[in-house]
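Visitor: I would like a close look at a single part of this protein, taken slowly and with the contacts spelled out. Please take the strands and whatever packs or pairs around them.

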Amino acid sequence: MTKVAEDALIKELKDAFDADLAVWQPILDEGDTDMKNVALDPWDSDDRSARKAAGRPVIVTDELGQYLNQPINEFRSNPRGVKFNPTGNGANDKTARLYENKMREIEYRSNAQVAYSTAYADAVQRSFGWVRVDMRFVSERSFKKELWVEAIPNPNSVLPDRNSMKPDSSDMRRCFVFEQITRGDFARDYPWAEIKSFSPDLINQSGGWLTANDMVRVAEYWKIETRERVLCLYQMPDGKTLEQFTDEKAVKGYKKLAERPVDFPSVIQYLTNGVEILKKTKWAGKTIPIRSCFGKILWLNDNGTPRRVILSMTRAMRDPYMAMCWVLSNELEALGAITKNPYLGYAGSATPAQLNELKKSLHEPVAMLQFQPYLDGQNGGALLPLPIRNPMTADLSAYAMSAEQWRRAIQSAAGSNFLPTNAQKRNDKSGVALEKIDEQAQKGTYHFTDASNGMIRGVGEIVEDVMEATVDESREMVVVLPDGKSKTVQLAAPGQEPQGDDEYSVKGDHATTISVGQSYENERQAASAFADVLAANPQVFPILGPMIVKLKNLGPIGDEMADALKVLQPPELRKQEDGAKPDPRQLQAQLEEAKQVMAVAKQEIAERDKVIETKQIERETEIEKVTIQTQSQRETAIEVAKITAGSRAQTTQAQVDGKARDTDVQAEIDLKILRAESAISAQKLMLDAQKLELDALKLQFQGEQSDKDREHDGQKLTHQAHVNAAEGERGHERAIEMQDRQPEGDNA
């Protein structure tokens, strides 16, 4: 960068800083006032000083913490994660899983939940918070770069673009991240700076970036610069279309269908102190890698000029909180104004002995208090009144009612009330009532949760945008699976499709969504309840005993119990838990044995089905015979009865009908019993067959996994051998070169 270009850029960024600060300064000031109240300092500094000077009490209570901590801790106990969905350009479910597993690894490694919680807490308490994505080297001894999700502890250090409109600030065209450091720290941290001594003239010209008290403002100036590129639409021989810029790899033999100019963005970070550009860095993505979490955003009209207002949860609680502290201070002042003289009387109206009796009566019973009826030589011998009891109380009920009124105002401003009015009257504090109260509180603060979800989703968009830039020449990527285990996956070479299930691709476009996990307490309770169900099964406990104990979360003693229960497990399972790989030949033999058992089981099931079908046919034939015989007997009996006697025929008819019905009922019962027994036997055989089939699939999977592990280990050894051979050849060439140069050195 030339001196002229650098001076122009410095003037541009200083003007942009002043313009953005003029718009955001009211928001920053309101946030600082919010944090004073959160930090238990609601009093105006002048009022506090005046009361302190006069000896008047200045009371502050922690009335806001319980309301602010509820949504913040609720957010912390329900961690958020980023999910990816394929949207095109070669993306599919497999690439989406890769992005999701890599995002999980980035969040675990950089402790992203702390960054998310910090930004969310800032939004709740002061109306705005920030989080950023950075790309840096893995360690001091590595050239590999990885993405990190970082917190911004001081949200006042971020000055966004005043023209950005989106709640997550993803549309910013510029942004400042700055800090104030001493000149000594600046000289130590930036030894390559050209200007190391700041003269008074330079301080005056800096426009506030350099101060007379040896402070220097160092800022990251993020800026989106655009350049024009031509995007072409080609038609391939197979009829498919391809979109590609003209400055990319040339496309031959394709038919150009259309083209259009595009302002292609590039994100640049300039590091500056306001008088020179210290460093320039290009970011791999298309947006500035900083996202915001705002409170409730309102737009007001000030004389035709739109003005943005961002409300925190603290904002509406500030005034009632100050009023409550003022009421409590006056209540304490009224208590302090109560005198400590319980009796009033004339001087000399009580002797020293009587005064001692009076003092004694203040803390123990005294039978009688005596006083002088007359004063010697005074008051003309008039009778004196008895000492007057001085009231030592204050009317505190009004203060208590006023404090409770302001407490209700704080609850209303917080959007939550831990005990609704009806519940307070009836003292309803059951589990259902408390759940309803929590649900009401969450609805009152959901706009903060929605803003945080947008912020985290924006972080996922940044990661998706620069994922390919993090891939090094090794084409390996460390990911974290949903069960929390790390895994190294192989990536396909640039321009090539993945080969097999063990190779992945990072190409394609993905949309991001948010997933919310259960709180740790809920997961622990669910795991404990599930462990109780497993422990009650005598067939399952010997196999899963160690896992069941760990689910109970019993601490170190539970770990010892889990280790002791491993002796009950099958030897094969113990070997797998100890990390030993199963023998592929043994797995193959077990698989063949399981297949044979399954074949026998299927044959038994078929034979049982035939037997059941035969028995059903025989039973139905028998029932039909019994029905025909019964019908014939009934008709014969009826004819005989009709001939012998009418009345006796009726009786015989009833008896025969009853006997027939009994026979039919018994036959139906026998048939139902037979069908139920047959169904139970069939289901039992089917369950046994399914269990054998699952065991066979498990053995087959273990065998395939073992083969893949051996193949992978062999590939790694072959690759290492090639690397060692290449290094040996290079060493041999360097040795020959040194020998060739030796005579020249001797001659010199």
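Guide: What follows is a walk through the strands of this predicted model, and then through the side-chain pairs around them.

Let us begin with the open sheet, in which three strands are arranged in the order β3-β2-β10 with antiparallel pairing. Strands β3 (145-151) and β10 (290-294) stand at the edges, and each has a single partner strand, so one side of each is left without a neighbour in the sheet. From one strand to the next, the twist averages 20°. Strand β2, which covers residues 128-137, is joined to β10 by five bridges, the two running antiparallel, and R132 has I290 in β10 as its bridge partner. Helix α5 (residues 112-126) packs on this sheet and touches β2, β3 and β10, while its direction makes about 155° with that of β2.

A salt bridge also reaches the edge strand β3, where R109 pairs with E146, the closest N and O atoms being 3.5 Å apart. Because R109 lies in helix α4 (residues 93-110) and E146 in strand β3, the pair ties together parts that are 37 residues apart in sequence. The two partners can also be described by their accessibility: R109 is partly exposed, with a relative accessible area of 26%, whereas E146 is buried, at 7%, a value under the 20% cut-off for that class.

Helix α4 leads to one further contact, since K94 belongs to the stretch 93-110 that makes up this helix: the charged end of K94 sits over the ring of Y504, 4.9 Å from the centre of that ring.

The next group of strands is built around β8. Strand β6 (residues 215-235) and strand β8 (residues 255-272) pair in the antiparallel sense, with 17 bridges between them, and within this pairing C232 has E259 in β8 as its bridge partner. Strand β8 also pairs with strand β9 (residues 277-283), again in the antiparallel sense, over six bridges, and here V267 is matched with W283 in β9. The connection between β8 and β9 is a hairpin with four residues between the strands, and G274 in its turn has a positive phi of about 90°.

Positive phi values also appear in two residues that are not glycine. Most residues other than glycine have a negative phi. D214 has a phi near 65°; this residue lies in the loop between α7 (200-205) and β6 and is partly exposed, at 40% relative accessibility. N303 has a positive phi of about 55° and lies in the loop between β11 (296-302) and β12 (305-311), where its relative accessible area of 82% makes it exposed.

Aromatic side chains come next, and a search of the whole structure finds 14 aromatic pairs. One of them is formed by F17 and F176, whose rings meet edge-to-face at 5.2 Å centre to centre, with 90° between the planes. Since F17 lies in helix α1 (residues 3-38) and F176 in strand β5 (residues 174-182), the pair ties together parts that are 159 residues apart in sequence. Both F17 and F176 are buried. These two residues belong to one aromatic cluster together with F178, W209, Y221 and Y270. W209 from this cluster has a charged neighbour as well, for R217 lies over its face at 4.9 Å from the ring centre.

To finish, we can turn to charged pairs elsewhere, among the 36 salt bridges that the structure holds. The side chains of E333 and R56 meet in one of these, at 2.9 Å from N to O. This pair links distant parts of the chain, with E333 in helix α8 (residues 318-336) and R56 in the loop between α2 (45-53) and α3 (65-77), 277 residues apart. E333 is partly exposed, with a relative accessible area of 28%, and R56 is partly exposed too, with 34%. Another salt bridge joins R48 and D41, with 2.9 Å between the closest N and O atoms; R48 counts as partly exposed at 25% relative accessibility, and D41 is likewise partly exposed at 25%. Finally, E30, D34, R315 and R318 are linked in a network of salt bridges.

Conventions. Residues are numbered from 1 along each chain as its sequence is written. This is a predicted model: local features need pLDDT of at least 70, side-chain atom pairs count only at pLDDT 80 or more; totals for chains, interfaces and linings use all residues. Side-chain values use heavy atoms; hydrogens and water are left out. Two strands pair if DSSP finds at least two bridges between them. Axes are lines fitted to C-alpha atoms, for helices over the stretch in contact, and angles run from 0 to 180 degrees between N-to-C directions. Contact means heavy atoms within 4.5 Å. A salt bridge is a side-chain nitrogen of Lys or Arg within 4 Å of a carboxyl oxygen of Asp or Glu. Buried means under 20% relative accessible area, exposed over 50%, partly exposed in between (1.4 Å probe, protein chains only). Rings of Phe, Tyr and Trp (its six-membered ring) pair if their centres lie within 6.5 Å; planes under 30 degrees apart count as stacked, over 60 as edge-to-face and the rest as tilted. A charge sits over a ring if NZ of Lys or CZ of Arg is within 6 Å of the ring centre and within 35 degrees of the ring normal.
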